[in-house]
Protein chains: 2
Amino acid sequence: IVNFYISPFPDLLPTCNGEITTMSFLQDVVDILLQYVVKSFDRSTKVIDFHYPNELLQEYNWELADQPQTLEEILLNCRTTLKYAIKTGHPRYFNQLSTGLDMVGLAADWLTSAANTNMFTYEIAPVFVLLEYVTLRKMREMVGWPGGCGDGIFSPGGAISNMYAMLIARFKMFPEVKEKGMAAIPRLVAFTSEHSHFSVKKGAAALGIGTDSVILIRCDERGKMIPSDLERRIVEAKQKGFVPFLVSATAGTTVYGAFDPLIAIADICKKYKIWMHVDGAWGGGLLMSRKHKWKLNGIERANSVTWNPHKMMGVPLQCSALLVREEGLMQSCNQMHASYLFQQDKHYDLSYDTGDKALQCGRHVDVFKLWLMWRAKGTTGFEAQIDKCLELAEYLYNKIKNREGYEMVFDGKPQHTNVCFWYIPPSLRGMEDSEERTSRLMKVAPVIKARMMEYGTTMVSYQPLGDKVNFFRMVISNPAATHQDIDFLIDEIERLGQDL
Amino acid sequence: IVNFYISPFPDLLPTCNGEITTMSFLQDVVDILLQYVVKSFDRSTKVIDFHYPNELLQEYNWELADQPQTLEEILLNCRTTLKYAIKTGHPRYFNQLSTGLDMVGLAADWLTSAANTNMFTYEIAPVFVLLEYVTLRKMREMVGWPGGCGDGIFSPGGAISNMYAMLIARFKMFPEVKEKGMAAIPRLVAFTSEHSHFSVKKGAAALGIGTDSVILIRCDERGKMIPSDLERRIVEAKQKGFVPFLVSATAGTTVYGAFDPLIAIADICKKYKIWMHVDGAWGGGLLMSRKHKWKLNGIERANSVTWNPHKMMGVPLQCSALLVREEGLMQSCNQMHASYLFQQDKHYDLSYDTGDKALQCGRHVDVFKLWLMWRAKGTTGFEAQIDKCLELAEYLYNKIKNREGYEMVFDGKPQHTNVCFWYIPPSLRGMEDSEERTSRLMKVAPVIKARMMEYGTTMVSYQPLGDKVNFFRMVISNPAATHQDIDFLIDEIERLGQDL
């Protein structure tokens, strides 16, 4: 039998004597990446070199073919991909809750790729499984659960973490649902605020609960859930014969950055014996700050918490944790005892084989980048970085709150880094509130945003909300940003919007 | 206002003039990684330097602290992490369906980390969104859907892909489930084989269908679903008033590597109007091989297909695709119209904002590594690599089928790279089939496996299945493996097991 391997690159590993070519190829790629990284932080480069989808499809041949390409062509593919990529680490990229590019986080992600393993068992990911254990315990400590006790998992994003919470809350109340399904249990209802993340409804749809069974609680003008409305709706639901099983409070809403009043909500959950979940995907990071963590007071009374270090803590995507106060529940809820993975006669302590508590089978190693960044910065380093971003948001707020041509969407100092505002072009200033003004104002932010992308100078998000037409939602999670970048953003909005 | 940023590493980017330190730090990390990569392929190094969990916790201080560490310490953390990691690219690591370390895949994953973006909109991931479009279309072409038409998404693993299929199948039949939940629709049942992956049940538990509503169809002695049993159970379920909504066939079962008879199953699904899903997480890769793709004949009749390039195609973890024949269904099923993400008044073609078809909100870029590997190898390169792994499996089968001390778990040439066998130590050879023999044989594989890990020379999986006690399940998905590595495995099993 001939022992052949037809490799398109006979010189790359695993071919024998492939070391030299491999090292040189990977080094070439790294050189391209280092250049990109340095450029990402350079304010003289564009955030984005924008092309419309049909243009981008034509700029380069992206198609997949039968025949291999050369290593030179592969390097060209890399350069071309980066040419059209958004520089998400750029100090003037404010478009999402996840921005920035942490150097230690990047290094950790590169190591994760080289280790290329899976989180299901200690057997194949010994270090990463231990680090997940250490890191989740530390996060639970910061939530305020004594000794960091409890359970948890890193999941592929906040939406999935929130879905886990809903899944576990349902199982806690009606464990028979696992075998018998929703047909065997009463009609459930969940509660969350009208400003909460859409993943709560998405989860309810997926889990067979239905979006109609997610009751949206009213918010005050700052976007915080009104506890009295929550209690009223719980009582109402019970009177109709429904079973309230979950309240999902939000610590840091997506648009306003509002923190629901967790203590009042905890009291209500306790009174009615309802699982209290806190979606702190965005706001959880403030637990690292001695100055700001009071905004999450009451979180220690939650049954579960979503916290995405890939947002406010600047960990590379993805890194989202679900923390659960009661140990063992996730395992009972999700385990299927696959004997080919979770053999019970292994020679080591099986409590480290955590895979069966997940909905996923294979699970990417998301912990290492957070762990390494935490080692590098210490809790105090995260604190400094987060305090800085909040200080920048306050700077922006102070700058525009009384400035001509700006209207704030809600009054008062922002609680998180979200600053929501309308830019009013000169032509609309002084115009009375009317249908015409509203319909013209609605178009301002989209046009400015489109121009920003075409010039490539900066990016910031906008959206309508309820009866409020399109407004800018500025957020800051990139410690690379400075006061000058905030000044730049305001100048740019005015430059691009003055003729509207 | 002072524009300060208290960084634990004032010399790393984004601090100004941080380029030099950053480049040198990242280069140091890359040097550590390149050394690890080269060692991964070196047969004279161990696959694993095994330590029990409590030992590993004591070998190093893994704890998280308030204070930052130095860059030197960060490099030491990286070295220590890799010291205890499993070399999943090692030619003698056969433990999982995902093995190997592809150099182009690794480079692509490093680029993905540097680009650090999110798949929800074209706005923030223009290239990656286009590449997902191009790659999924190509995969659908290979499945056999005319022109590559249809829909799909990359999801965080096969279990989630399978859950998507169940979710979409349910929605297709009863779209009202999204709002009204399971309470509003009849009792559903799904069918899958007794050898199928546990994620089908896990999905049913999560979606509120319940594991009792997953009916396990009998398999023949090769692990293939028996179509007549499927039809019988469908008829039976309907007679009981249940509504069959999904058949999940498997193309490449986890343990036996069996391919369910897809054509016969498609006929049954058509007859009873049931959604046909094919879980090709493991076997899908064979679609790249002109020699082996016949094993998936009939897959073109499926309504949805799970296919994990991170398994048989050697793409770094994670890379799993769900393909759906009907376009638009995923979007209708999952969309929640979050206006802060999916603004309807953007200036580009919104059909590229694919985020609302996902269950996830944020979604990691999993496509680039597959796309770049495909460019590098071409379809023919993947084909050569897969054919080689199958040839190695056949070599192993031929070597042990008549060898003293081996018993095959099922007869005949393997259809995939799974080779399932018992090693019978000399003390059990010739012993009559008895309770004693069974109970002693049960312990053989776990002991040999534990010894393999302690010596660190190789790793292969074992498990019981039904009434069959612990047997080895050998799988080959790493193109680095050679005939000599197969010979080594057999020698090692005999060396470690002869005294049992």
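**Exercise 1. Size up the interface between chain A and chain B: how many residues of chain A are in contact with how many of chain B?**

Step 1. Take contact as heavy atoms within 4.5 Å. Then 170 residues of chain A are in contact with 171 residues of chain B.

Step 2. Note the basis. This is a predicted model, where local features need pLDDT of at least 70 and side-chain atom pairs count only at pLDDT 80 or more, while totals for chains, interfaces and linings use all residues. Residues are numbered from 1 along each chain as its sequence is written, chains are lettered from A and ligands numbered from 1 in the order in which they are written, and side-chain values use heavy atoms, with hydrogens and water left out.

Step 3. Turn to area. The size of an interface is often given as the accessible area lost when the parts come together. Buried area is that loss with a 1.4 Å probe, summed over both parts. Between chain A and chain B, about 14,700 Å² is buried, and carbon and sulfur atoms give 66% of this.

**Exercise 2. Describe the polar links across the interface of chain A and chain B, then the make-up of the chain A side.**

Step 1. Apply the salt-bridge rule: a side-chain nitrogen of Lys or Arg within 4 Å of a carboxyl oxygen of Asp or Glu. Eight salt bridges are found across the interface of chain A and chain B. One of them joins the side chains of Lys180(A) and Asp212(B), at 2.7 Å from N to O.

Step 2. Break down the chain A side. Helix α12 (residues 367-400) of chain A gives the largest share of the side touching chain B, 16 residues. Helices (H or I, at least four residues) and strands (E, at least two) are DSSP runs, numbered from the N terminus.

Step 3. Sort by type. Ala, Val, Leu, Ile, Met, Phe, Trp, Tyr, Cys and Pro count as nonpolar, Asp, Glu, Lys and Arg as charged, and the others, Gly among them, as polar. The side of chain A that touches chain B has 98 nonpolar, 45 polar and 27 charged residues.

**Exercise 3. Trace the seven-stranded sheet of chain A: which strands stand at the edges?**

Step 1. Write the order. The sheet is open, with mixed pairing, and reads β2-β8-β7-β6-β5-β3-β4 in chain A. Two strands pair if DSSP finds at least two bridges between them.

Step 2. Find the edges. β2 (151-155) and β4 (214-217) of chain A each have a single partner strand, so one side of each lacks a neighbour in the sheet.

Step 3. Check a pair. Strands β6 (275-280) and β7 (304-307) of chain A run parallel, joined by four bridges. His277(A) has Ser304(A) in β7(A) as its bridge partner.

Step 4. Add a helix. α5(A) packs on the sheet and touches β2, β7 and β8 (320-324) of chain A, its direction making about 115 degrees with that of β2(A). Axes are lines fitted to C-alpha atoms, for helices over the stretch in contact, and angles run from 0 to 180 degrees between N-to-C directions.

**Exercise 4. Do the same for the five-stranded sheet: what is its strand order?**

Step 1. The order is β1-β11-β12-β10-β9 in chain A, again open with mixed pairing. β1 (93-94) and β9 (406-408) of chain A are the edge strands.

Step 2. Four bridges join the antiparallel strands β11 (459-465) and β12 (468-474) of chain A. Tyr462(A) faces Phe472(A) in β12(A).

Step 3. Helix α14 (483-497) of chain A lies across β1, β9, β10 (419-423), β11 and β12 of chain A, at about 25 degrees to β10(A).

**Exercise 5. Which peptide bond leading into Pro14(B) is cis?**

The bond from Leu13(B) to Pro14(B) is cis, with omega near 15 degrees. Pro14(B) sits in the segment before α1 (19-40) of chain B.

Key: Buried area is the accessible area (1.4 Å probe) that two parts lose on being put together, summed over both.
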